[in-house]
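Here is a quick tour for anyone opening this structure for the first time. Keep the viewer open and follow along.

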Amino acid sequence: MKQQKRQALEGALCCLPAAAGVGALYLAPFALALARSLSRGMGGSFVGLENYRELLANRAFLLAAGNTLLFWALALPLSAALGLGLALVWQKGSGRPAACGFFPAMVPAACSVAALKALFPGLAFEGAGGVGALLALFLWKNTGCCALLLSAALRAVPAELTDTAADLGAGPWACFRRVRLPLLRPAFGGCLLVSLLGSFRVFREAFLLGGAHPDNALYGLQHFLYNNFANMNYPRLAAASVLLILITAGPGLGVLAALRHSLEGRKP
Amino acid sequence: MSRPGKARPGGWALLAAWGAAGVFLWPLARLALLSLGGWGELLAQPGAFARAWAGSALVCLGCLAGQLLTGIPGAWGLAQYRFPGRRALLVCCALLVLVPAQAMLLPQYLLLQKLGLLDSLWALILPGAFSPLGTLLLWRGFSALPRELVETARDAGAGLFGLLGRVALPLCRRELAAFILISLADSYNQLEQPMAFIRDPELYPLSVWLSTGAYRNPALPAAQCLLSLLPLALAFWVLAGRGAVPGGQAHAILKRKKGE
């Protein structure tokens, strides 16, 4: 019993800096923003959900949210499909080509914008062409990472499985569709996660290309947040931040609860 | 990791693999071509570039130090011990991975304002001093270490630092390399945070400074971009090489220890 208590104390001490990081750098700021989102004016008088109600009626916010959803509808399936294709091309061999494909993820926004402008000197960043350019930038930076995840999963498929399927008379296509593809499901989940995070990042490039007030088709959540920041409209911005955090973390909590048993795994 | 008897890729497969990689490298090659006329001008007057670079380097190393100091013991504690609050911390880390940086911008601004740290490099280092993703990566690595190995090392008298430095971290090289790479790329590429937290253009890190200039010679910004990419490319080269070391050596070490 005493031994067990000492162990628990040791573990808690190890985790103290990390817990302090979570608390001070994320939870405390979140609490500050939450308080700000429920109040208004210099005195900070309590107004309940008034800021949220106004936010959800704000046309700029609705435009930004709609554009973001549309971008996801295009970008997420495309990066997963292209990633799968690349994973098949890259799954054999040294891994150096795959590493090259991953490298664009690390390129600073200013550089990727400069490269885009060098490749397409006459590019006008507006309308459907602008969305296409943004999509191309996103795929350039993100597909390599998806391909890495998927090719690791492809390599982990046991050879006995595919060999057995082939012995039972499955052709190469059936082997791929019925044996390997179902085993890739967790990797596709990882792809989706990486792409979601990447889609928030690509708005840096959108910002550098189109400025704070771009064409309507390109106005994203990023622009909305930044403009309200620049205008010091903190109550509205706080409401938007809290909403965005809840929207991203809420489904995450659901997924974690569903996966709880498989994530905990081995007990030490 | 490689299967015995795995077929080596043929000529066509190799060509396809490098062709696909070429598509990803092509924009950078185009940028390099454009930059040819700009290097002379950049190297003749490197002052402002060097200052922004130094700021970026400080931010990167500060964030990395903070993330490693919080992340390594944190991941070890989460992986090897059971204590109240452990699961809550894990769930927090996992959820924070999902939250986009932009959503934390105002919350962190409010905190920095309270602390009086706005308009300094601390405003860029402090919010980046803990990495939920890096901690989770290491946690997975540490959790996969064979239990006998850790116990053997403990019985041989290894303390916490010995265990971490000489057993756990060397075996989790890949996770550590990925952690460091993600950390460096993230803090080197910060854009929203400096724009929101810093007013003084003299303090801008390279990522922001690159996007603020206006030049008559289009080759100059291209050269600046490529030069700014150089440290990241070097880090990528070194760390991607480390990450390629196959895992699974734990069992070999364990066998040797048992043999002694």
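Where in chain A does R201(A) lie? You'll find R201(A) in helix 9 of chain A, the helix that covers residues 185-201. Is R201(A) buried or exposed? R201(A) counts as buried, because it has 21 C-beta neighbours inside 10 Å, and the cut-off for buried is 20 or more. Now look for Q222(A): it sits 21 residues from R201(A) in sequence, with 9.1 Å between the two C-alpha atoms.

**How far to trust it**

Keep in mind that this is a predicted model. Its scores are ipTM 0.86 and pTM 0.87. Chain A has an average pLDDT of 86, with 95% of its residues scoring at least 70. Within chain A, confidence is highest in helix 3 (residues 59-90), at a mean of 92, and lowest in helix 8 (residues 172-183), at 82.

Chain B comes in at a mean pLDDT of 85, and 89% of its residues reach 70 or more. Residues 1-6 of chain B have a pLDDT below 50, and this stretch makes three contacts in the model beyond near neighbours in sequence. Residues 244-260 of chain B also stay under 50, and there the model has 16 contacts beyond four places in sequence.

**Chain A as a whole**

What is chain A built from? It has 12 helices and two strands. Going along the sequence, you meet one helix, then the two strands, and then helices for the rest of the pattern. The C-alpha atoms of chain A fill a box of roughly 75 × 70 × 30 Å along the principal axes. The radius of gyration of chain A is 23 Å, where a compact globule of 268 residues would have one near 18 Å. Of those 268 residues, 41% count as buried. Take the contacts in chain A with a separation of 6 or more: 75% of them join residues 24 or more positions apart.

**Where the two chains meet**

How many residues does each chain bring to the contact? Chain B brings 70 residues and chain A brings 64 residues. On the side of chain B that touches chain A, helices 1, 3, 4, 5, 10 and 13 of chain B each supply at least two residues. Helix 1 of chain B gives the largest share of that side, 14 residues. By class, this side of chain B has 54 nonpolar, 12 polar and four charged residues.

Helix 1 of chain B is a good one to follow, starting with its packing against helix 5 of chain A (residues 109-119). The axes of these two helices are 9 Å apart and pack at an angle of about 80°, so helix 5 of chain A is roughly perpendicular to helix 1 of chain B. Helix 5 of chain A makes this contact with A114(A), A115(A), A118(A) and L119(A), while helix 1 of chain B uses P27(B), L28(B), R30(B), L31(B) and L34(B). Sorted by class, that contact has eight nonpolar residues, no polar ones and one charged.

Helix 1 of chain B also meets helix 3 of chain A. Here the axes come within 8 Å and cross at roughly 135°, so these two helices are oblique to each other. L86(A), V89(A) and W90(A) from helix 3 of chain A meet A16(B), A17(B) and A20(B) from helix 1 of chain B. This contact has six nonpolar residues, with no polar and no charged ones.

**A few spots in loops**

Two residues that are not glycine have a positive phi, and here they are side by side.

| Residue | Phi | Loop |
|---|---|---|
| M232(A) | near 55° | between helix 11 (221-230) and helix 12 (234-264) of chain A |
| D119(B) | about 65° | between helix 5 and helix 6 (122-125) of chain B |

M232(A) is exposed, because 7 other C-beta atoms lie within 10 Å. D119(B) is partly exposed, with 13 other C-beta atoms within 10 Å.

Last stop: P158(A), in the loop between helix 6 (127-156) and helix 7 (159-167) of chain A. Is P158(A) buried or exposed? P158(A) is exposed, since it has 11 other C-beta atoms within 10 Å. From P158(A) to R180(A) is 22 residues in sequence, and their C-alpha atoms are 9.4 Å apart in space.

Methods:
Residues are numbered from 1 along each chain as its sequence is written. Chains are lettered from A and ligands numbered from 1 in the order in which they are written. This is a predicted model: local features need pLDDT of at least 70, side-chain atom pairs count only at pLDDT 80 or more; totals for chains, interfaces and linings use all residues. Two residues are in contact if their C-beta atoms, placed from the backbone, lie within 7 Å. Helices (H or I, at least four residues) and strands (E, at least two) are DSSP runs, numbered from the N terminus. Ala, Val, Leu, Ile, Met, Phe, Trp, Tyr, Cys and Pro count as nonpolar, Asp, Glu, Lys and Arg as charged, and the others, Gly among them, as polar. pLDDT is the predictor's confidence in each residue, from 0 to 100. The radius of gyration is taken over C-alpha atoms; the globule rule is 2.2 Å times the number of residues to the power 0.38. A residue is buried if 20 or more other C-beta atoms lie within 10 Å of its own, exposed if 12 or fewer, and partly exposed in between; C-beta atoms are placed from the backbone. Axes are lines fitted to C-alpha atoms, for helices over the stretch in contact, and angles run from 0 to 180 degrees between N-to-C directions. Angles under 35 degrees count as roughly parallel, over 145 as roughly antiparallel, 65 to 115 as roughly perpendicular and the rest as oblique.
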